[in-house]
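Here are some notes on the sheet in this model and on one residue within it, set out as numbered points.

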Amino acid sequence: MADPAYTAIYNFRAVDETLITAGQPTVLQLQSVAEAGFKTVINLALHDQPRYSLPDEPGTVAGLGMKYVHIPVLFESPTEADLLAFFDAMEAQRGEKVLVHCAEIGRAS
């Protein structure tokens, strides 16, 4: 059986069967994530970088039946508040399949 399309997301890494992390996915890769039973997408990237973001990722993710959480982290200066928001988001999704991504995987690593 071929690997799902989401395994081709830039810098893709599977932590385990319920947590994957990567750079910015395409719409088709997000569709593959949804088809694989993932319930939540946590985006740590900014939305103001067209090269590294989708035009409407929240709408795309919602349209695929997944929850979207956006925690915009400045790569050069992440804050404790960013980390605590991430911890809260992960705790809220405990036991569910989650994709955590940023632009290239620098924040999501």
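1. Two strands are taken to pair if DSSP finds at least two bridges between them, and the strands themselves are DSSP runs (E, at least two residues) numbered from the N terminus. The model is predicted, so that local features need pLDDT of at least 70 and side-chain atom pairs count only at pLDDT 80 or more, while totals for chains, interfaces and linings use all residues. Residues are numbered from 1 along each chain as its sequence is written, and side-chain values use heavy atoms, with hydrogens and water left out.

2. Five strands make up an open sheet with mixed pairing, in the order S1-S2-S5-S3-S4. Strand S1 (13-16) and strand S4 (67-70) are the edge strands, each pairing on one side only.

3. At one edge, S1 and S2 form a hairpin with two residues between them; their pairing is antiparallel over three bridges, and Ala 14 stands opposite Ile 20 in S2.

4. Parallel pairing joins S2 to strand S5 (residues 98-101) over four bridges, where Ile 20 stands opposite Leu 99 in S5. Strand S3 (residues 40-43) and S4 likewise pair in the parallel sense, over four bridges, and Thr 40 has Lys 67 in S4 as its bridge partner.

5. Is Thr 21, in strand S2 (residues 19-22), buried or exposed? With a relative accessible area of 8%, Thr 21 is buried, a term that means under 20% relative accessible area (1.4 Å probe, protein chains only). A polar atom of the Thr 21 side chain lies 3.0 Å from the backbone oxygen of Val 100.

Methods
Buried < 20%, exposed > 50% of the residue type's maximum accessible area, 1.4 Å probe, protein only. Polar contact = N/O pair within 3.5 Å; in protein donor to acceptor, adjacent residues only side chain to side chain.
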